[in-house]
Each structure stands twice: as structure tokens, then as C-alpha cells.
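Visitor: Could you take me through the empty spaces in this one? I'd like a close look at a single part, starting with whatever is shut inside.

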Amino acid sequence: MVIRDEKGGELHPLDLFLSIGLDKRTAENALVNPKVTSNLTAVIKEACVVDGCSKAVGNLLYTVATKFPPNALKHRPTLLEYIVTLKIKSSAQLDAAFTFLVNVGPDNYQLKDFEEACGVGVEISLEEVKSAINAVLDENMDAILDQRYRINVGNLCGQVRKKQPWGDAKIVKEVIDARLNEILGEKTADDDIKPLKKKKEKPVKDQPGNAGTAVPLPEEELNPFLIFPQPEENSKVHTEIFFSNGEIWRAHNPKEMLEKHLKITGGKVFTRFPPEPNGYLHIGHAKAMFINFGLAAERNGLCYLRFDDTNPEAEKKEYIDHIQEIVQWMGWQPFKVTYSSDYFQELYDLAVVLIKKGLAYVDHQTPEEVKEFREKKLNSPWRDRPISESLKLFDDMRRGLIEEGKATLRMKQDMQSENKNMYDLIAYRIKFIPHPHAGDKWCIYPSYDYTHCIVDSLENITHSLCTLEFEIRRPSYYWLLMALDIYQPHVWEYSRLNISNTVMSKRKLNRLVTEKWVDGWDDPRLMTLAGLRRRGVSSTAINSFIRGIGITRSDNSMIRHDRLEYHIREELNRTAPRAMVVLNPLKIVITNLDSESQMSLDAKMWPDAASDDASSFYKVPFTNVVYIERTDFRLKDSKDYYGFAPGKTVLLRYAFPIKCTEVIYGKDSESIVEIRAEYDPLKKNKPKGVLHWVAQPNPGVEPLKVEVRIFDKLFLSENPAELENWLDDLNPASKEVISEAYAVPSLASAVVGDKFQFERLGYFAVDTDSTTEKLVFNRVVTLRDTYSKAGNK
């Protein structure tokens with residue numbers, strides 16, 4: 001990039017930036033960012049200082065280049081004049097100017113109001129500065145004497161700035177440092193010792209019936225929606241649309257248009273959750289729901305559930321019903337349920353307006369030709385056809401007089417743009433297919449690119465929120481609204497939710513389901529919301545996970561599966577009662593207990609249950625035949641082994657110590673079929689090993705049999721979506737079915753949806769496949785918390 005000076009000579013950008021007094025590092029950093037380079041070059045030219053200026057002025061110009069409010073670009077030359085003439089000469093004045101111009105936006109204003117807001121002409125004496133500093137130091141004297149030189153000087157400077165906003169910041173800092181030295185004397189060695197940080201107290205976990213003590217969270221965690229502007233602020237420039245001919249459109253709502261919008265909405269926030277009904281919702285949609293419904297709820301606003309149903313080939317009533325039901329399950333209540341197809345007539349009428357303005361045309365290129373012309377940045381041969389001709393052909397399309405695939409309506413945008421989403425996007429195409437909601441009234445259907453921004457405007461959406469991959473579509477979004485001269489919502493993109501060891505593309509999910517790689521849309525291994533619900537995950541745990549990862553515009557980094565499990569586990573630890581189940585039973589016969597004897601023992605449903613609270617206990621039978629996990633027994637003992645072994649004593653949880661006295665083998669003399677043991681009725685022994693167990697409820701009667709399904713990650717790789725043969729990465733051990741596990745009798749009354757912690761095994765939920773004859777349990781999550789142990793990474 002080469003810049004010409006006033007005499008026509010060449011000037012390299014680095015030399016240009018150094019000429020205004022920037023230090024070399026700042027100048028080089030500016031060159032790394034093309035946007036900063038372009039803005040700073042434009043500012044220097046506008047300020048007429050290509051031949052250089054003082055460092056003080058140059059630093060202010062750099063700030064203008066990087067922070068000037070985009071909604072007020074028409075006023076930038078005025079601000080630059082005030083800087084160059086030294087009427088604005090401090091960062092405080094410049095910040096005040098930015099604030100003033102943000103509120104003014106593109107509207108006109110009185111110079112006297114601007115000068116008053118920026119302190120132009122105001123001179124602050126050294127005595128006035130010192131007076132303000134002394135007042136602040138007096139107010140903070142206790143903290144100064146207590147913290148000495150560890151006091152936050154920046155905070156003190158900020159307090160002074162509130163009292164004297166136009167004081168020189170450098171002088172304020174120098175005077176404060178001098179006054180602190182007078183008050184405290186010279187620094188000592190102790191002043192350089194950093195104080196030990198106090199550890200934050202962990203919140204007490206709530207147990208049923210017990211009130212925990214909550215630790216206050218930072219404001220941004222309590223309210224992640226603080227980043228969004230208020231509806232009345234929606235006059236700022238949303239985006240700049242650059243055309244290949246040098247023209248620039250600056251999309252914003254004129255004052256009259258915004259006032260009309262605010263009158264209709266009453267100044268309320270309006271958002272929308274706009275899923276396409278072409279499949280089941282997944283956990284990524286949970287994030288979209290949290291942001292859209294959450295923002296509306298936090299601002300006492302309203303959120304539409306709008307079905308983006310412009311493609312009748314892929315949409316089904318089944319999906320519409322599912323989406324409405326799952327939104328309710330997630331805890332959200334739509335203000336109104338609408339469909340993009342509700343607006344088909346308005347969309348058609350606006351397309352006619354677009355044609356009449358010369359901004360749309362009927363095209364006859366095939367999909368292959370469209371692709372080729374876009375790659376070569378060539379205009380369609382029908383782009384400049386007469387408006388009357390396009391109007392007639394578009395009407396013929398509507399009436400079904402043109403064959404499917406023989407014509408489309410395209411927006412006349414910019415085929416030579418640097419943004420491929422301005423390459424004359426298709427607005428309408430012909431499809432002789434009935435619509436699941438609109439019926440057979442239409443044979444032309446609007447595209448997503450044409451529909452969603454217009455319907456946002458028609459529904460007076462204040463905040464149009466979508467994922468980051470749509471950021472490149474901002475120019476086309478606002479191009480269409482500006483072309484039609486209708487209200488423009490505030491668009492904001494957030495990072496897409498990607499979770500490890502799964503796929504969330506609807507196309508891939510649909511393939512997994514239709515090709516029967518999984519057991520339907522609600523398979524517990526899927527990250528569909530139906531699958532998570534069936535597995536036993538609650539909507540509150542999902543929303544807690546979403547809140548925890550935040551709603552920022554950070555990159556689309558992969559979120560580890562463990563992090564979701566952490567939030568699931570945290571909730572179940574508080575809400576799931578304990579029970580004992582043995583997955584792979586090994587029979588133990590207690591030889592010193594009568595075969596007809598039966599005891600009823602108390603087992604805790606909650607770890608911290610009070611001994612006098614009968615409701616926190618359940619009864620377990622204890623007889624001379626009990627079962628433990630086969631993996632809890634081995635023939636060779638060791639010091640670091642706490643399980644059962646020949647000659648060793650372990651404690652049966654909530655019961656008695658038992659000692660292995662004999663091992664009974666099967667016919668092959670290798671497989672163990674039974675263990676003989678003696679129990680200690682007086683509990684004299686205090687063994688370290690504690691095992692869960694299940695006993696025969698009555699002599700000769702088998703324990704309650706249940707089916708247990710153990711689920712693991714569906715894919716072996718962290719990011720299977722990036723693999724060419726992604727189906728080859730399916731985890732063959734993602735589902736294990738244990739058809740005859742033994743459970744304590746109290747579980748017999750469990751119903752679908754009930755959740756328990758099976759001691760030492762994990763958290764489990766009753767599955768919908770359960771019958772009156774046999775309960776089926778899904779493992780929701782393990783007991784082991786890898787996420788928190790990894791430092792919440």
C-alpha cells in the first residue's frame with residue numbers, strides 16, 4: 001500500500017504513521033490490522049496532517065481511527081478539526097466527544113452543545129486539580145493508611161476525573177503520587193511484598209431440605225445480557241456495505257423510522273427463536289433459545305417462536321410439533337408462535353416493490369451456470385432486462401406458468417463485491433410442492449436470505465441474534481432492508497456451540513437416524529435435546545451449562561463433553577436420591593447367618609441425612625445371600641486394594657463387615673460361582689474397604705431385576721465432523737446393555753423420569769422403555785468429575 005503526500009510523492013504507511021508521532025511499535029501493530037491501517041490512513045488525510053503533526057495530536061488521531069463510533073461517521077471531519085486546532089487536546093475530552101456522537105448518531109446537532117459536552121475552552125487551574133485530589137484522598141484516607149502503596153492509584157485518578165473531568169490526566173497522576181509520598185513517607189521493603197490472596201469460600205451445596213449459603217457472583221455472570229443495547233439505541237450504523245464501484249451504504253434507522261418502531265413496540269425488547277422444522281433440535285439450539293428467550297425475559301420483553309419454513313421439501317409436521325414441545329420443556333414460553341409462511345403474501349408484495357425499484361430481476365440461469373458466473377464474478381445475461389419484463393415473468397412464476405428450475409428471482413446486489421454473499425442472491429424459486437403449513441396456495445417459495453431479514457423487520461424484532469457463520473451475511477441482510485426502506489433490527493452474532501465427540505449438523509444427525517446407526521432422534525447418545533432428556537439430563541442443567549460457557553463472540557472453539565457432564569453431575573448430586581444396584585452380581589453366602597433370618601436395615605438416600613429424619617432413609621433387606629459386583633472380588637490381595645479377597649474383611653455399606661472364608665468354583669475349576677463368608681454382627685472390625693451390595697429380599701427369592709444401559713461418547717474422535725469418513729469413527733462401545741442387574745426393592749416403585757445415584761456407579765434415570773414387568777435405567781453421567789479436576793478448562 002502506497003500513500004501520496006500533498007506534493008504527489010510516495011509515502012509508505014509506516015512512515016506516515018511515524019510522522020504523526022506514534023511510537024514504532026504502535027505503528028507496526030497498526031499495519032498488522034488492515035482495518036486499522038485503512039481507518040488511520042483515512043483519518044490522517046481527513047485531518048490534513050500527511051506531512052506530520054505533534055505526538056499529542058497524533059495519539060488522539062490514532063484513538064479516533066480505532067474507536068470512533070461508526071454510527072456518526074459523517075461528523076468525523078468536525079471532530080478532527082477540533083483536535084488539530086487543539087480545541088480538544090486530552091483523552092478525557094475525546095472520550096466525551098465519542099459519547100456525545102454515539103448518542104447523536106447520524107443526526108445533526110448544535111456545535112455549542114458539542115463544545116459544552118467536550119469541555120472545549122474550559123481551562124482547569126493547577127489549584128482546582130489539587131483541590132479535587134485532596135478531596136478524593138480525604139475520602140479514601142482509611143484505605144490509604146491500611147493499604148499504603150498497594151492502593152489502586154488508577155481508581156483514585158478515576159474519582160478525581162469525576163470531580164474535574166477536564167483536568168490533565170498526567171498532572172493528576174503526578175500530584176497524587178507526590179501527595180501519597182507526603183502522607184506515607186518513603187516506600188519500605190514491606191510495601192513491595194504482595195499480600196496473600198484470600199481463598200474464596202466455596203458455596204455450601206444445597207441438599208433437599210437444607211438451605212445453602214450462596215457466594216455472590218460477578219455481575220456479568222449473573223446477567224450475561226448486559227452486552228446488548230436498548231431498543232432506543234438502535235439508530236447507530238449497523239454495518240457499512242461496500243460496493244465494487246466505490247459506493248458505500250451505511251445501514252442505520254433514521255430517527256423517524258426508529259420512533260415509529262418504538263411506538264409500535266412500546267420500547268420493549270423483541271427477539272425471535274427461528275428454527276427450521278427439518279429435524280429435531282440439538283444442544284446448539286439450546287444456546288440459541290437461552291440467548292433469545294433469555295434476553296427477552298431479562299429485559300421484560302417478548303420472544304417469538306418463529307418457524308423458518310421456506311423449504312417445503314424438508315419440513316414436516318412431526319418436527320414442528322417436536323420443536324414446540326421441546327421449547328416448553330426447556331423452560332421457555334413464546335410470546336407468539338409464527339411461521340415465515342404466514343408472511344408469504346407480504347414477502348411477495350415486497351419482491352414486486354424490489355423489482356419496480358430495479359433491484360431484482362428474473363433469471364433463467366441453471367444452478368451450474370449460476371455457480372460458474374459467481375466464480376468468475378460475472379453478471380447474469382438477464383440482469384439488465386426491463387423491469388416490466390421481470391414483473392410479468394415473476395407473475396408467471398407465481399401462477400405456475402413456468403417450469404420448476406427454469407426461472408428464479410434474484411436480487412440485484414453486486415456481482416463484483418469482495419463478499420460472495422452479495423452475488424445477486426436468489427430471492428424466489430419455483431417448487432411445485434404443497435407446504436406443510438401454507439398448503440398448496442403457492443408454487444414459488446422465498447429463500448432464507450430473502451425471508452429472514454424481512455420477517456425480522458415485519459415482526460419489529462429489536463435484536464436479531466444468530467451464530468457467527470452468518471456474520472458474512474450482514475451486508476446482504478441490511479442491503480435488502482435498506483433497498484425496501486424498512487426498519488432494521490440490531491444484528492449480533494455469537495459463537496456457535498461445538499461439543500466434542502459428537503456431530504450436530506442436521507444432515508449428519510438425519511443420516512445417523514435414517515440409516516439406524518442410532519435408535520431414533522431421542523437416542524440417549526445423541527446431543528439432540530430429545531436424546532439428552534431421555535438420557536436423564538434436565539433442562540436446568542443444560543441451561544446452566546449454556547450460561548457457564550457464555551454468549552460472547554469468541555471463536556468456535558470445541559467445548560469438551562466433560563464440561564456439560566460437570567453441570568449435569570452438579571445438579572444430580574443435589575437432587576438424585578441414593579440407591580444400591582449391582583450390575584454384574586457375584587453371589588455371597590453368609591454361613592454364620594441363618595438361612596431363614598431376615599433383617600431390615602436403614603440406608604441413606606442423602607449423604608448428609610440426619611439420623612432422626614426417617615424420610616431421608618430407605619429400607620434394605622439383609623439375608624444370608626447377598627450380591628456384590630464381580631469386579632469387587634479378586635483372588636490376590638494387595639495393600640492398595642480395598643475390594644474383597646480370600647481371607648479379607650470388607651464392610652457392606654449400611655450393614656456389617658464380612659470376611660471371605662471360601663471360594664466356590666464352577667465345573668471348569670476357573671470361573672467363580674459363589675463366595676462363602678462370615679459376617680461380624682457386633683461390627684468389631686473396621687475395614688477400609690466399603691462395598692455396595694444387594695441381598696435376596698426373602699429366602700430363595702431373587703433380588704429385583706432391572707436392565708441398565710451404559711452410554712459412552714458416540715464418536716471416538718474429538719471432532720468427527722471434520723473427518724471425511726466420519727461414520728467410521730463411531731464408537732463401537734458407545735452403548736452397553738446389562739439385561740439382568742440386581743437392585744434394592746425400593747426401586748420397584750420408580751417411574752419414567754425418576755433419577756437416582758447408584759452408589760459407586762453413577763447417576764441413572766428410568767427410561768421410557770420400562771414396563772410393569774421390568775425397569776430400564778439409563779446411565780446419565782458417571783460419578784467421576786473430570787471437568788472440575790482439570791481446572792474447569
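Guide: Sure. Start with the largest cavity, which has a volume of about 80 Å³. Keep in mind that this is a predicted model. A search of the whole structure turns up three cavities of 30 Å³ or more. Around the largest cavity you'll find R272, H452, S464, C466, F470, R473, R474, Y477, V491 and E493. β12 (463-467), α20 and β13 are the elements that each put two or more residues into that lining. By residue class, the lining of the largest cavity splits into four nonpolar, two polar and four charged.

Now follow α20 and β13 outwards, to an open space. α20 (474-484) and β13 (490-494) also each give at least two residues to the lining of the second largest pocket. α3 (34-46), α4 (55-67), β3 (239-242) and β4 (248-251) do that as well. This pocket has a volume of about 1,400 Å³. It is lined by 43 residues, and those closest to its centre are K35, P70, H238, T239 and E240. If you're thinking about the chemistry of the wall, the lining of the second largest pocket comes out as 20 nonpolar, twelve polar and eleven charged residues.

So there's your tour: β12, α20 and β13 at the largest cavity, with α20 and β13 turning up again among the elements that line the second largest pocket.

Definitions and conventions: Residues numbered from 1 in each chain as written. Predicted model: local features only at pLDDT ≥ 70, side-chain atom pairs only at ≥ 80, totals over all residues. Heavy atoms only, no water. 1 Å grid on protein atoms, 1.4 Å probe; cavity = no way out; pocket = protein on both sides within 12 Å on 5 of 7 lines; lining within 4 Å. Points joined across faces, edges and corners; volume = space filled by probe spheres on them. Helix = DSSP H or I, 4+ residues; strand = E, 2+ residues; numbered from the N terminus. Nonpolar A, V, L, I, M, F, W, Y, C, P; charged D, E, K, R; others polar.
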